[in-house]
Every structure is written in C-alpha cells, then in structure tokens.
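Student: I am new to this structure and should be grateful for a close look at a single part of it. Please take one chain, begin with its backbone, and then relate the details to the whole.

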Amino acid sequence: MSTLVPDLKPDDVIQFSHVSKWYKDVIGINQVTLGIGPGVTGLLGPNGAGKSTMMKLMTGQLRPDTGTMQVAGKNPWNDSTVFREMGYCPDTDSFYEEMNAQQFVILMGRMAGYSAAESRRRAEESLARVSMAAHMKRKIRGYSKGMRQRTKLAAALIHDPNILILDEPLNGLDPMGRHEMLTLFKELGRSGKTVLVSSHILHEIENLTQQIALIHHGRILAEGQIEDIRALIENQPLTLRVETPDRHRVGAELAAMETVSSLSYAEDDNSVVVRSNRPESVYETLQTGVVERKYSVDGLTALDDNLDAVFSYLVKE
Amino acid sequence: MITNALSAGWTLGTHQVFATRRKWLSVIVVLLPALVALPPRLFSGSPPAFIYGQLVMTLFTAILVPFVAIFWGGAVISDEVEGKTLVYLWTRPTGRMAVLASKLVAVFFWQVLLLLAALLGVFLVLYAGRSSLTVQSELQALAWDLLGLGGGAAAYGALGFFLAALVKKPLGIGLVYIFAWDNIVNYLPGYLKMTSIRHFIMVLKSQGPSIEPKNQFTSFLAESTTTDAQAITAISVVIVVCLGFAWALLHRKEYLGDDPARSQ
C-alpha cells in the first residue's frame, strides 16, 4: 500500500517523516510519513486509529519517539512561535466552566498576545463567525455540546491562524450546525489556509473535502484525492448502477463480459447493478452499445466510489 | 505580546481563587481565624498577645498556611490537568511557562492577601477596645508574622506547584508532608528539622517564647539554633529549587489527558 502514501512535498505545511509515538507499550502512531498542504484535508480513521495522537504531535503536546515532525517549518514541541500561525480545537470537552464564551475567547486572545481591547473585538468577531454571538454572555457550564464545540472553534480562530488543526470539530453539532461549520471550513480552505479536520465519520469528511488521509492502527493507509486513492486500489471490484429502459438487453451484454463478476436487476426501477474488476471495460462496452443504438443508458453511477468503500477496502487489505 | 499573555495568566489565577467554586475556601481562610479567636477573647482571661501567639503558631503556622499554600500552589497546575484545560495554555505562542508563571504569581498574591486579611481579622477581634499603646506595640509583631507566614506560604506554594508538576494528584503527598512530616521532625533532635518548612516559619515568627513546649524534654528536642538569616535563606532555597524542578519537569512532560487507548 506504500504507493498510496506519496512522498513529502516541499510546500507541505505539516510534515511527518517516519514519526512513531508510543504510550508505554501501546503504539499510538507507527512510522507515519505524511505531508499536508493548504486547503482542507480530512484525517479519517476509526476511534483509536491514531488521529488525536497525530494532532497532539502537531500541536506540541506530545513529542515524537522517532522521526521528525514540522509545522510551518518549526518543531511545535520546542518552538511555541508556531502557535502564532496555528489554531487548535481539541477533542476534549474542557473549559473554564464559570466563564462565559466571551470571557473564554477573550482569554485565549490575550494568551495569543493581543491587548484587552483587541482581544474583545476579535472574540466578538470570532464568536459571531461560529453563530455564538447571541449566547456569548451565558456561562459555559450551561451550554449544549454544540455550543461548546462552537466556542472551542471561536477560540481556535481568534488569532486568524493560517493553520487550523480541528480534532473532531463536528461532534455534538446538530445538522444545521454541521452544515454551517462545514461551510466555514470550506471557506477557510478556499482562502488558502491549511485546515486539517479529523473525524471517524466518513460522510462528514466526504461532504467537506476530497483530500484525505486515512489512518488505521497508527498507520497512514492512504493519502490524496478520494478518486485517486480509489483508482489506485487494484483488483477491487467497483459496483456500478446502470439506469436504462433496456435493462435486460444491457444486462445480457454485460453478463457476457469476463471482467464482470456479478450482475443483478434492481427490483423497483429500471437499472442494472454490476460489479467489475475493470470498470473501464464496462464503460467502454456501454458506450459502444449506446453508439451502435443497441440500447440507451440514462445514467451511470459508481455506488462504492465513496470514502466508505475506499476505507473498507484499505482496512481489509 | 508577552505582557498581554502574562496578564491573561493573572486573570486565570484570579479567576481560580475567586470565581470558581473554590472561592468558598478563600472565604473560610479569611473568616475562620477570626471566628476561632472570638471565644478565647470573650471567655478566657489570657492576654491578647498570648492568644494571638497561640493562633499564629497552631492555626496559621501548622494548619492554615501550609494547607492553603500547598493546595493553591498545586491547583495552579492540577486544576488545568484535571479539567483538561492545560491544552489551551500549552498551545499559545508565548510558550508553556509564561501563562502558568503569571497564574502562579496571581494565586500567591491573592493567597498572601487573604492571609493578611485573616491575620488582621484575628488582630481586630483580640485587640478591639484595647489601648492604642498596646495595639501599636503589637503591630510590629503582626508585620513579622506576615513576613514569616508570607515566606512560608511561598515555600509551601512552590512545593505544591512542584508536586503538581510531578504527579497527577499532588494534594495527598502534600498533606502527608505538612501534617505528618512537618509535625514529627520539629520535635526530633538533629538536622532533620531542616527538611521542615514549618521549622523555618517558626524561627521567623514573633511570638515564639510564649508558646514553646513547656516540658523540658520536648523543649530540648525542639531546640534549634537556626537564625533568622538562615531561615530566610532556607525558605528562599526551597522556593527556587521547587520552582526550578517544576519548570524542568513541565518543559519535558507530556500530558496525555485521557487514556491513550481511548483518546487517540
């Protein structure tokens, strides 16, 4: 699977080079080499895969046992100036509970080096950005999970960092909140910032970005565009849905192909579901059939060309 | 930039002392000694200087100052660790230590101020209605006591800070030190009492003679030749060494938060 993990590029803002981290005799991450550039990148993996360990290494909370790690050319473990450029939203639901969101975010602004007045201005702006302006005077203790997530995000954004490390930032948000935050992350990515978002929920990331890194058991399984990763997975059958009014004719032709491993007719619509190890041969056959007017095809959908399928394939391997 | 971060640390320290649920500890620190001083003032025939000396020796030196200082000194770090808020301090451009240091200074400042208020409370209860001449002569003692107790508070606070940098739950070790070790070694002959912060506070305190152990044998055991200068030096060394070790530990230590198997 090494072909799925490209080499580091010079313009990668975050660089892991053969980094391992152990918790006594439990391995957190194992020989990770990964480069993350500007834009939104999803760090995906099940619980316990090593996502938070990677993020804690990037934010200088942990020190690598082996390998080297840099963020914006600096080592976050011993160079705190990197935090001028970095905002971090931790996964832990921890606050100074007696403060309200405004006080908390102002405090974070002060710690980032801003004056009281500037911190207040930025805090209000930042809280408005995450739709917390109306609740910012209430004590954090009484906040819902979603409001707490938004407050953490506001704190991470207060110094307008170029690099954002967001550890499971969508946890606890309602659908509307998720949509708002996804829009915000996309905006930040489009503006040239490096946004790294971790999640164990595949469709969450799929809605956010096509640039992903998959981690499992402390190893990076794959990195890059979802489609590219999918294309690199050899010998994995792709499931296609062919929408056609001539489904029996189409089915007969496809069933005769050696590269088709299975075929079924959907019961409730005019479509054929086909699995093939070489999907491009199916595309060619269908194209020829349409051109030769043997049948018509209304639509062609790759059913498992998504993150869920990619992840399942990689983990199985 | 650094001054703003330091000011944030000060705010955080002040918040910890007065805005959290622990503000009740601050209220107790101020009011308890005055309340304890009230019955002897009303019902005992002993002179105020004697009652005052007893209270400084027993309540302040042996209980209040060590407990409050070690508790608050440790809480500067352990509250952040237990509350999992250390991450906010660790990921700021001013570095790990700046905010924590100013928070420690703030906690120490308020702690000494609360102790001063408590001492003044006791003083008022005992000397209210006495002649101004008596009060004036005792004011100097009050200043010395504050100096000794302030130094002691700083030393215990630094010890608490160091213990919190060393272990996750520092209060248990701190309590063993102040209520067991500190008590025992002060009545052992030889140099073991040099490991007791309380010993140095007692050297500096003003009201010593009136409350030294009456028994000849215990007097012999508790006997010390430590001078004021040595006591001040020793307290300073304790502060510097504890803070130095704490700093070194904090620079190297990784705080994992949750169990790694669950938090990855």
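Tutor: In this predicted model, His18(A) counts as partly exposed because its relative accessibility is 45%, and partly exposed residues lie between the cut-offs of 20% and 50%. The residue belongs to strand 1 of chain A, which covers residues 14-23. Its backbone deserves attention: His18(A) is not a glycine, yet it has a positive phi of about 50°. Most residues other than glycine have a negative phi.

A second histidine of the chain invites comparison. His217(A), likewise not a glycine, has a positive phi of about 50°. Its setting is a loop of chain A, between strand 8 (211-216) and strand 9 (219-225). With a relative accessible area of 63%, His217(A) is exposed, since the cut-off for that class is over 50%.

Where, by contrast, does a buried residue of this chain lie? Val197(A) is found in strand 7, residues 194-199 of chain A. This valine has a relative accessible area of 1% and is therefore buried, the limit being under 20%. Leaving aside residues up to four places away in sequence, Val197(A) touches Val40(A), Thr41(A), Gly42(A), Leu43(A) and Met55(A), and also Leu166(A), Pro169(A), Phe185(A), Ile205(A) and Leu208(A). For Val197(A) and Gln70(A), the separation is 127 residues in sequence and 18 Å in space, taken from C-alpha to C-alpha.

These residues may now be placed within the chain. Chain A has 317 residues, of which 55% are buried. Its secondary structure consists of ten helices and 13 strands, and its C-alpha trace spans about 75 × 45 × 35 Å along the principal axes. Of the contacts in chain A between residues at least 6 apart in sequence, 67% link residues that are at least 24 apart. The accessible surface of the chain amounts to about 13,700 Å², and carbon and sulfur atoms account for 48% of that area.

Chain B offers a view of how two helices pack. Helix 3 (residues 48-82) and helix 5 (residues 96-127) of chain B meet at an angle of about 160°, and their axes are 10 Å apart. The two helices of chain B are therefore roughly antiparallel, as angles over 145 degrees are classed in that way. The crossing of helix 3 of chain B past helix 5 of chain B is right-handed. Their contact involves 24 nonpolar residues, one polar residue and two charged residues.

Key
Residues are numbered from 1 along each chain as its sequence is written. Chains are lettered from A and ligands numbered from 1 in the order in which they are written. This is a predicted model: local features need pLDDT of at least 70, side-chain atom pairs count only at pLDDT 80 or more; totals for chains, interfaces and linings use all residues. Side-chain values use heavy atoms; hydrogens and water are left out. Axes are lines fitted to C-alpha atoms, for helices over the stretch in contact, and angles run from 0 to 180 degrees between N-to-C directions. Helices (H or I, at least four residues) and strands (E, at least two) are DSSP runs, numbered from the N terminus. Angles under 35 degrees count as roughly parallel, over 145 as roughly antiparallel, 65 to 115 as roughly perpendicular and the rest as oblique. A crossing is left-handed if the near helix is turned anticlockwise from the far one by less than a right angle, and right-handed if clockwise. Ala, Val, Leu, Ile, Met, Phe, Trp, Tyr, Cys and Pro count as nonpolar, Asp, Glu, Lys and Arg as charged, and the others, Gly among them, as polar. Buried means under 20% relative accessible area, exposed over 50%, partly exposed in between (1.4 Å probe, protein chains only). Contact means heavy atoms within 4.5 Å. Accessible areas come from the Shrake-Rupley method with a 1.4 Å probe; for residues, only the protein chains shown count as cover.
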